[in-house]
Amino acid sequence: MARFHFRPRLRTLGIVGLVGALAQVAASEVPETLAPVATYTLPSKIGGPATLFPSTSDARGLAVPLVNGEVLFLSSKGDTLWTTRVGDSVLSPAAVGNLDGQGSEELLVVADLVRVVALDWEGRELWRYTLEGEVGGWRGPTCADLDGDGATEVLVSDDGGWLTCLSGNGKLRWRIHPDSFRIGQPSVGDVDGDGTPEIVFGTENNRLICLNASGDLRWLHRARGKFGRSYVALADLDQDGLHEAVWSQSFNEAAPVLYAARAWDGAPLWSARTILHGYGSCSVADIDSDGDLEVTYCERANTLYAFDHSGKELWRTTTGGRGYMHPHTIADIDGDGSLEILAVCRDSSEKGKAFFILDAATGGIRAAYPHEGRNSYPPLVADWDQDGKQELILATWEHNKVEVYRFGAEARAAAPWPVKRANSSRTGYIPSTVKPKEVPTLDLGSPESLSLKVEEPVLWGTNHALATTPAGTPERGFVRIKVSDPTGVHTSRILSVDAEHPLARLPFVVDKPGDHLIEVSLWDEGSAPARCLAKGSLRVNLPGVESLKTWTDRKLGAVRESASDLLASRPEAGRMLLEKASQIEGGLDGLVQRSAQLAEDDSPARIAFAKEIDVYRTSIERLQSLGALAARSPNRNLAIWEDSNPWDETHPLEEPPAELSDQPRIAVWACLGEVEHRVVNVANLRSGPLDVQFRLPLRGPLSGREVVQVPRRDGSWIPDALPRMNQSSSLHLAPGEVRQVWLEVSTEGLAPGETSVKVVILPIGEDRDEMNLTVRIEAEPIHLRDAPEFFLCNWARPDSVASMTADPNAVSEVVHQGMNVWVLGAPGRKCDEQGGLVGPQDWSGLDSQVGHLDPEKTFLLLSGPSLSAPPTVERGSDIWKLGLASSMRELAACLAARGWGLDRWAYYPMDEPGLFGGVEEFTEMVETIKAAAPEIPVYANPAGGVSRENFGGLVDDIDVWAPELAMLRRDSDLAEFFRETGDRLWSYEAPGEVKTLLPLGYYRALSLTAFWMGMTGTGHWVFGYTGGDDLWKKSGSSEYGDMYCDGANLVQSRRWLAYLEGAEDARFLLLLKATAAEAKRRGIEAPEIGEAEELCDSRLHHLIRKQWEQDDIARHLIDYEIDLAELSAIRKETARLTIALRGRLMEGKD
């Protein structure tokens, strides 16, 4: 509801009037200090970039998204003309469009990350539309007239991989899903001179995409890099009437580039090397007045660049700070006829500056000013108060004020890129000043026919079509599936295909009664742009949702027939199936009634309803599976079986066992000293609830955990949390419920050979149905303690771990599990004017942390000690270095006295050098510490802008390397550089949304990948994220931690246990490698040596090949699972070869 304010809210806004506030600064002068001519205080923090309304050339107001869920409309005189609450938060920018094609413009915002809201010029809500994915800070609405009717459409991209097009009245026109994770903000404009606009954007899956105005695929080009947080700049750089598209990569790359392509066909033009990647960081203008357009760019290494239309670098300037996260603006702010670049970095430079003004032609810094804000937006440039003078407007994220500045320019002064996305509609497009000689024709190949056959019956929700074509599946390709409903609204999905995932059974969703057109095309992504190999179509008819009754009756009829057969022999199971069938059948009536209430054009409701029907259909299929288990189970009350893969997400009833035994058995193969895991599925076949007790032998090799489902951000659920079983070691199951028990099998203390352990399973109250589960453990005669160390660094701190639990032994337990690298802070130190240390050191804080750690099992990374000196002692002077050397050696002596020699710890001077620049600063720090105390070991975890050139000089000074792993995957020479150092070599990654990551494909494969690359350690951020990381919740969590916490205890996750198992795998591989090397050194000729080398190289690489090809973003997009059977075979072969080679060494002969 809009609140109107036609008088200044002086009490709230604290106005400093704009008119007559300060004398104008003379043209061509840039002041040394900066003071606003007006400051407007807001009622809440700013949530997203402000927008000039209705345009930058006719700025009559400023729309400001607020963190508290309001949109505030501010006049140039400080009046709040209206405030409208649209949700609980507004965290992305607003856009302006003429939604009805009439005289006034409207405002588009995104509330609560998922709701697109349209407001009229007086703040009244016109409509809202709910998206499937979240719209983060790098995205927001784009408004453009796609069909030429004078009314603008609204385009919004989201983190779920959808690009949605809405009409001016808020109804869905079309949507496309080119990838399963976030896609970039679309840019819109006529790129080929034909008078109709195109839509250009990138995805996180290395794809650059162009759609026509109707949402159909025009071209797709695969390029190296992630573009899901990139903004495309569309401009006619070479002045031929045809536009170019310029992207920045938006994720760490070993060799990051700015990328340009022909916008009309996607053909690559040039790429320009940069230090680091950027986000929406490209701007376009004629910066040197030569008549041609140049591209300017800013990135995370605090560096700005200019390139000409051919990609030639004109200049680069590094300013300091923590990176540029948003595009800069370009304008002539002093009225001298030359353009300036206005850039605001994250945080501040070492000199405390954050707002930089550069000469656009040369890149020279004309001025640098302090500016508050951790992640600042660039200033908006416009004559906001219509007085003929140019203003700069700064509205900083998470601040509650708007500041206005003047530098002396008239309103007519040039401002070719005045706001973040070029204009208030956020199109990222600059129209060409010339017409092309001709409109080019796009040739994407001559497709063959593609045959489609739909699996009957066609039901509401997800269906499948079988596709065949003589074209075959390309080595790398994709399928586009387009479904047009009876009203013409269409939905498209792009699915990747390759040799391992060939063209076959294709899903499509229908949610509206009537005829639907299904169109499928197969594309070869190996060419640039992709070429269409085959296409085909067919029509299907979807009856009303009541047609689902026929399918339901058939499925439930089979369940009831099975249940009737069971009533005589197993009445409880029969009644349970009949009751659940009735419950499901009753749900159908509710679905039919609700479908009748769905408006034809209420697309969000229909999309959600189709998903609900998918869940309903799945519940029927699972009930069928449960009925089959009830019929086969030898136990009246229970069905017990081993899960075929404890690490996947497949529901137990979707992979039922072929047989059930009254004496179930589980086989476990392992080496001595390691821990294995198995999962037992338990189904309650009774018509009432049941408690089932698992009696594990006391002090035996088994322990039990519950498997708890937890929600993800997208609403799906995953079996991830593994709390210890309750005091009675029992599970409570509802009628027909299936739950899982996680068995932890430790071979520590067992003898080689076979050991059988009996687990008594007791359905409480049903004594005669007690069952015995036998776990047979086969232990190989090699022990984990004989294997070399493999280091795991998850940035665990003893104090932070202790803060997460009431268990005083928690840190020791984590060490016992295998976490052997710990991060600590050393206490600070003071020196006097001669460099001598002042007073005794207090080691109590350090002792409170290392007291929980075992020096034989742990390696320490220490930040500090920081050294403070008198003002007369300059940092870096000989006296300062003397104090630093004394403090470091004092620390070394302290650690040595507690068991940590110089080989068991390292100094950690800076986190992730290279990620935001800082290589020079890091180099200076390392060289200083080595000059002062050369014996002190130093740790480095470089990321981002890393090369042989900028880190090569540190080879003699770094003792432990842990570079970011994805960077090495993309640059084999860089990986070789780190191996050549001969130092300890680990790796790390920092993926977010950890509940989406595969326990096997990521966590277990992480150590295997590191080993294959020649490393002896790995890690990921983070063991336990105490900064509000509540993994039990669906949202509101940063999702980085390995651990859940119930308020008193650490609760392990499947991911954590997979990670520990991967480290054990790597250690046994290191043992095999060392054993083979020793046999080779002794001159023993044995076939096992070659087999070991092959296993550690090609066989292991085949296992991890999918994981090797991915990084922490692509894992949201592409299958990277490793095969459990193949992993098991490699593990057994590792043990066999190690035992055989040990035998050869013992014999001393070949």
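**Exercise 1. Determine how helix 2 packs against helix 4, given an angle of about 20° and axes 10 Å apart.**

Solution. Helix 2 comprises residues 548–567 and helix 4 residues 603–632; helices are DSSP runs of H or I with at least four residues, strands are E runs of at least two, and both are numbered from the N terminus. Axes are lines fitted to C-alpha atoms, for helices over the stretch in contact, and angles run from 0 to 180 degrees between N-to-C directions. The two helices are therefore roughly parallel, since angles under 35 degrees count as roughly parallel, over 145 as roughly antiparallel, 65 to 115 as roughly perpendicular and the rest as oblique. Helix 2 passes helix 4 in a left-handed crossing; the term applies if the near helix is turned anticlockwise from the far one by less than a right angle, and right-handed if clockwise. Among the residues of this contact (heavy atoms within 4.5 Å) are W551 and L556 of helix 2 and Y616 and I620 of helix 4. The residues of the contact divide into 12 nonpolar, 4 polar and 3 charged. Here Ala, Val, Leu, Ile, Met, Phe, Trp, Tyr, Cys and Pro count as nonpolar, Asp, Glu, Lys and Arg as charged, and the others, Gly among them, as polar.

This is a predicted model in which local features need pLDDT of at least 70 and side-chain atom pairs count only at pLDDT 80 or more, while totals for chains, interfaces and linings use all residues. Residues are numbered from 1 along each chain as its sequence is written, and side-chain values use heavy atoms, with hydrogens and water left out.

**Exercise 2. Describe the packing of helix 2 and helix 3, whose axes cross at roughly 165°.**

Solution. Helix 3 spans residues 571–597, and its axis comes within 7 Å of that of helix 2. The two helices are therefore roughly antiparallel to each other. Their crossing is left-handed. The contact includes L556 and R560 of helix 2, together with L577 and E585 of helix 3. By class, this contact has 13 nonpolar, 3 polar and 5 charged residues.

**Exercise 3. Classify the aromatic pair of F791 and F859 and state where its members lie.**

Solution. The ring centres are 5.9 Å apart and the planes stand at 75°, so the pair is edge-to-face. Rings of Phe, Tyr and Trp (its six-membered ring) pair if their centres lie within 6.5 Å; planes under 30 degrees apart count as stacked, over 60 as edge-to-face and the rest as tilted. F791 lies in strand 53 and F859 in strand 56, so the pair ties together parts that are 68 residues apart in sequence. F791 is buried at 4% relative accessibility, and F859 is buried at 1%. Buried means under 20% relative accessible area, exposed over 50%, partly exposed in between (1.4 Å probe, protein chains only). Ring pairs also link F791 and F859 with Y908, Y939 and W986 into a cluster.

**Exercise 4. Locate the residues with positive phi, W795 and E993, and the cis peptide bonds leading to P54 and P457.**

Solution. Most residues other than glycine have a negative phi, and most peptide bonds are trans. W795 has a phi of about 55°; this residue is found in strand 53 and is buried, at 11%. E993 has a phi near 45°; this residue is in the loop between strand 61 and helix 13 and is partly exposed, at 23%. The bond from F53 to P54 has omega near -5°, and P54 belongs to strand 3. The bond from E456 to P457 also has omega near -5°, with P457 in the loop between strand 35 and strand 36.
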